[in-house]
Amino acid sequence: MIKSGVALAVLLCAATPAVTHGQVFLASRPHPEFLVGPLFVVANVSPGLGPVTVNLSWSLTTTRPTRRPADIQQDLYLLWPAEVAESTAPGPAAPALLREVESRGLIVAGSGRLTLRRRDRMQLGTAALGEPIEVVASYVSFTRPGGQTGAVTYIKIPWTPTLADPLSIVTLVLPLRGLIVPKAGTWLEDLFWGRRQVLTTGFGDLGPPVLGLFALYYERRDRMVHLARDYSLVIAAFGDSDHLKIEEISPATAVRRQSRVRAGGEVVALTLLPSQDITTQSLRVQFHYFSGRINWRPIVISAVILLVTNFAGVFMLSTDVSRRIRRRRRARRRFGAAAAAAPNGSVPSRETLVTLIPAGTRYDEVVARFGRPDEEHERVTPPGRRTLLYRSTNGAEHHEVAIELYDDRVREVTCVTSR
């Protein structure tokens, strides 16, 4: 029976990357003596965008062994913090439901009817959604005045004995709008991984108090229907798993596996725990879809970064090598004339150096005349003294001219020749 229940929940499929919130059941009378169980909440995810189809399947059970299922006999109400995109059954919503919403000053965004279906225990594990039953649910989607973002939905489910049938469950298919929420991230994360989505679905969540659902719940909180000690699941069913990347799942107790019903599908399931308190139980999945045989985006971006860094390294190295080559050429031109004027044709004479660099020449003038030195040494103590070194090579001879400056003016010039 447990395997059949899992298969049933996985089968209720079809729609898009989404973020959904859990729902709350309310009874018609205070202090209901019945529970919801089993319960299956299935959000179907596919690569396309659009309304998300959430399949909600459940049954009712009494809290006392002496009570019969037929003793429940009252309508159910469902609060869901999302907007129903379209009706699944013809006809308008129940007028009393519309009046109830409008009388509280809420703004109606849409209304209509939803088909209720019955699934026999023998249909568990099959692709059949079940047969429509004689009653239909009514819904009203509304917002609060004053700039509220998003709409929420109030659903009335008329009583039918099928709700308490221990051999079947009732399925309500909800096409919900506005459930696709992109994950907030930096531009670099979006560039590397692409646009990522977050799906959140569960049970017992009304959303923030600013939503109109909280007001409806607060005045009827003594009518809340709790979860029974039955096998209940929250499932995120993903299609096209070959192009799916799931990055994060919470809580850690959730289970991820390949779908045993849909080819190419993948599911993430969380077992719901019974509670007599108002406890939110949520399944959160961060994921994204990609195109192509593999996820090319991280590979391409990494390759581009690698090429750019390598090109930058080569450019910096070539710039340094070019600078050294230009420095040596300047040195040869700089001291070529001095070496040619020397008595032995290679070593500059003192008179030549004095002519080229007279005493008292300022630092800026030396640099303007001969360019940046090959080396520059500055003495810390005593301050104000520095040495400029210019080097040149003439065949087998290496010439080095050291220009001593004090207070930014030339005081001494030394020429060293090595063979």
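## Strand pairing around β11

Two strands are taken to pair if DSSP finds at least two bridges between them. In this predicted model, strand β11 (residues 197-203) and strand β17 (residues 281-289) run antiparallel and are joined by seven bridges. Within that pairing, glutamine 197 of β11 stands opposite phenylalanine 287 in β17. Strand β11 also pairs with β10 in the antiparallel sense, here over two bridges, and glutamine 197 is again involved, being the bridge partner in β11 of proline 182.

These strands belong to an open sheet of four strands, which has the order β10-β11-β17-β14 and antiparallel pairing. Its edge strands are β10 (181-182) and β14 (244-250), each of which pairs on one side only. Strands of a sheet pair through backbone hydrogen bonds, either parallel or antiparallel.

## Burial of β11

How many of the residues of β11 are buried? Seven of the seven are, so the strand is largely enclosed by the rest of the structure. Both of its faces are covered: Gln197, Leu199, Thr201 and Phe203 are buried on one side, while Val198, Thr200 and Gly202 are buried on the other.

## Overall make-up

The secondary structure of the protein chain comes to seven helices and 21 strands. Of its 419 residues, 45% count as buried. Among contacts between residues at least 6 apart in sequence, 71% join residues that are at least 24 apart.

## Nonpolar cores

The largest nonpolar core has 52 residues, and those with the most contacts inside it are Phe25, Leu39, Trp58, Ile157, Leu172 and Phe238. The largest share of this core, six residues, comes from strand β2 (residues 34-45). Apart from this core lies another, of 17 residues, among them Leu97, Tyr154, Leu213 and Tyr217.

Leucine 39 illustrates the contacts of one residue of the largest core. When residues up to four places away in sequence are not counted, leucine 39 touches Gln23, Phe25, Leu56, Ser57, Trp58, Phe203, Leu227, Tyr231, Ser232, Leu233 and Leu272. One of these, Phe203, is also among the buried residues of β11.

## Helix α2 and the strands it packs against

In helix α2 (residues 95-102), the buried residues are Leu97, Glu100 and Val101. They cover an arc of only 95° around the axis, which puts them on the same side of α2. An α-helix has 3.6 residues a turn, so residues three or four places apart point the same way. On the other side of α2, Pro95 and Arg99 are exposed.

The buried residues of α2 pack against four strands, namely β4 (76-80), β6 (107-120), β7 (131-143) and β8 (152-157). Strands β6 and β7 pair with each other in the antiparallel sense over 10 bridges, and in this pairing the bridge partner of valine 108 is phenylalanine 142 in β7. Strand β7 is in turn joined to β8 by five bridges, the two running antiparallel, with lysine 156 in β8 as the bridge partner of serine 138.

## Aromatic pairs and charges over rings

The structure holds six aromatic pairs. The rings of phenylalanine 287 and tyrosine 289 have their centres 6.0 Å apart and their planes at 85°, so this pair is edge-to-face, planes over 60 degrees apart being counted in that class. Both phenylalanine 287 and tyrosine 289 are buried, and phenylalanine 287 is the residue that stands opposite glutamine 197 of β11. Elsewhere, ring pairs link Phe214, Tyr217 and Tyr218 into a cluster, and Tyr217 also belongs to the core of 17 residues.

Arginine side chains are placed over two tyrosine rings. Arginine 220 lies over the face of tyrosine 77, at 5.7 Å from the ring centre, and the charged end of arginine 386 sits over the ring of tyrosine 363, 4.4 Å from its centre.

## Arginine 257

Arginine 257 lies in strand β15 (residues 255-258). Is this residue buried or partly exposed? At 23% relative accessibility, arginine 257 counts as partly exposed, because buried residues are those under 20%. Arginine 257 and alanine 269 are 12 residues apart along the chain, and their C-alpha atoms are separated by 8.5 Å.

Key
Residues numbered from 1 in each chain as written. Predicted model: local features only at pLDDT ≥ 70, side-chain atom pairs only at ≥ 80, totals over all residues. Heavy atoms only, no water. Phe/Tyr/Trp six-rings, centres within 6.5 Å; stacked < 30°, edge-to-face > 60°. Buried < 20%, exposed > 50% of the residue type's maximum accessible area, 1.4 Å probe, protein only. Lys NZ or Arg CZ within 6 Å of the ring centre and 35° of its normal. Arc of directions from axis to C-beta. Contact = heavy atoms within 4.5 Å. Core = buried A, V, L, I, M, F, W, Y, C linked by side-chain atoms within 4.5 Å.
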